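Please describe, for a reader who works with computed models, some of the packing inside one chain and the contact between two chains.

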Amino acid sequence: MKRLSAKLCQARRVVSACILFFLMGTATVHADETSPPRIPDTIQQRIAACTACHGVHGEGTPESGFFPRLAGKPAGYLARQLKDFQDGLRKYGPMEYTVRQLSPEYMQEIAEYFSAQEVPYTRSPMPRLSAEALARGEQLVTHGDPSRQIPPCAACHGSQLTGVKPDIPGLVGLPYDYISSQLGSWRTKTRSTVAPDCMSEIANRLSASDISAVSAWLAGRELPADMHAQPAGSVTPPLHCGVLGDKGDGA
Amino acid sequence: MKRMRSIVMVVVLLALVLVGGWWLRGGKTPPVSQAASKVDAATLRDPALIARGEYLAAVGDCASCHTEQGGARYAGGRVLATPFGNIPAPNITPDPATGLGDWSFEDFWQALHSGKGRHGELLYPAFSYTSFTKVSHDDALAIFAYLQSLAPVHQPAKPLGLGFPYNVRNSLKAWRALYFQEGVYQPDPSQSETWNRGAYLVQGLGHCNECHAPRDSFGGTQNSPSLAGGQIPAQDWYAPDLSTKANGGLAGWSEQDIVDLLKNGQSVRGTAFGPMAEVVANSTQHMHEDDLRAIATYLQSLPPRPLLAEDKSPLDTTPILAQGAKVYAARCADCHGDNGEGVAGIYPPLSGNSSVNEPTGINAMRAVLLGGFSPLTAGNPRPYSMPPFAQQLNDREVAAVVTYIRQSWSNKASPILERDVIKYRHTPVD
């Protein structure tokens, strides 16, 4: 009996020591909070490496087109671009360095963050092109050029050209410089993706003047009221595309 | 007198002929066929041996060099840039035509232990056999069994990017005589089992000294104190000194700090970045706790280092420090703190940080320019990151803020000049 009460006494002492220790612990935490920076546990804070150039909401630099807008682009498309930089299929040293260690899960999370951002679209500077060139651009976007096996952009990127979830990006609301440089980089192989790389095929069928025409017409187009990507399955792509997996078979 | 001179000439000529013959004599030996190997096929298929080999291959970080960006694991193709030229890593999957499919264990041992290819040709020490020679026979067998268990990938070797005289493999004879000592690790009986395990891992499979030691103009590390830190040639990163004692790069690091960095990619004293981030992600995070503790035990036994002479440059750093302080307050303090203290578990401290204070300043400059994520590990699957400032700060601002960081709080490192930043701004990232 004596031994039991001694034990109880000991247990009580341990408990009070624990409580005291806990209180001291919280007290020090509170005291510390004043000095070191307080860092929010948010995805936005975690990806400061991305937002430094692409903007906190993925707005990019529309005035120059140098850092692309990420806001509102379909998540599957964005995650694919991260993977392509990681694998060296897209070439840009700083991006390759930044994403080299990221896991597929983390890249998906980052892609979803930017995809969910709602940022108004702004106009970017455009070159002056002749009416014929713009007409050629419109022709390529809406009807393609069957004689050179160029499908219309709208066949994959949607009737509104706002993209199709989850893998196909929109083409309207983007700067002229951005669109033309992407088409150019498919030709110089600094931008590629998993085979069959259908955009590379198409970009290589376009002439240099076609690239200017398409880019200018797209960049100058009035924006539709709803800029969101269309629902999955809205299009039946005319080419086999590695990025669309089996979905590219519907020729 | 004339006669004397001609005798000397003859002797010199004879010596040249002999040396030349030794130089050019191909040390070619036929490979050991798998049928003739002392290791039978059934042994190599032992799942327990293969599993151990997988672990050891991770410890050795074989995949980092033997995998190309976006390529099949272990199928080779990554090109290692050296001051002597580019050396592509070979395919080590068991493909008979382009990999190790026809290799016997004896062939593998000859490569790992003696630095010789299957036909006795001398291998370039970009393959770190200077360290791997210390790996035990049993561990080498396990790694070989694992590599032979992989799915074969057909991927031919890329051409060697070396010019004369480095493309003459026999020129390595002289190099080997100077820098290569063949031999399995011999335990030090005066030290504990843990210490010996740590030394074995650090000096052997871990091949830490291949980066963490200065290389001389012939690319050798033999003549400097081990793990004393060094600039990685052609890649332009600085692998810091690893001594935890006085004046060491890791001065004051506890065993737990070392284990944390290797396991999670960050400790309260620093975060791995650049090439070490890759080492953590591919290798050390997969290591068993007791092996990490053994490594920490060994590193903590490294000797103190001599005190570096204080910077006595006549440069008046007052204006650059004032500019640096402004940049720091605007760009850095929100995360790293007003006093460079960092945020435990998130952002590394800059005060007392080995990568901030390393002698060249390369790491701090490139960290500012490139930013990037902390290593992604099982313990830190959604790491925080640092913005790249290459687009936002000019060379002068980078020099100013790095100088400010290197000379504030507990830091007393040398100043950085604008021309240093110009040099490293465009260093390729791989």
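At what angle do helix α3 (residues 47–59) and helix α7 (residues 137–149) of chain B pack, and how many Å apart are their axes? The angle is about 100° and the axes are 7 Å apart, which makes α3(B) roughly perpendicular to α7(B) (a term for angles of 65 to 115 degrees). Axes are lines fitted to C-alpha atoms over the stretch in contact, with angles running from 0 to 180 degrees between N-to-C directions; helices are DSSP runs of H or I with at least four residues, and strands are runs of E with at least two, numbered from the N terminus.

This is a predicted model, in which local features need pLDDT of at least 70 and side-chain atom pairs count only at pLDDT 80 or more, while totals for chains, interfaces and linings use all residues. Residues are numbered from 1 along each chain as written, and chains are lettered from A in the order in which they are written.

Residues are in contact if their C-beta atoms, placed from the backbone, lie within 7 Å. The two contact regions divide by class as follows, with Ala, Val, Leu, Ile, Met, Phe, Trp, Tyr, Cys and Pro as nonpolar, Asp, Glu, Lys and Arg as charged, and the others, Gly among them, as polar.

| Region | Nonpolar | Polar | Charged |
|---|---|---|---|
| Contact of α3(B) with α7(B) | eight residues | two residues | three residues |
| Side of chain B that touches chain A | 17 residues | seven residues | three residues |

In the helix pair, Leu49(B) and Arg52(B) are among the α3(B) residues, and Asp139(B) and Tyr146(B) among those of α7(B). Between the chains, 27 residues of chain B are in contact with 22 residues of chain A, and α11 (275–282) and α13 (318–336) are among the elements of chain B that each supply at least two residues of that side.

Technical notes. Contact = placed C-beta atoms within 7 Å. Parallel < 35°, antiparallel > 145°, perpendicular 65-115°, else oblique.
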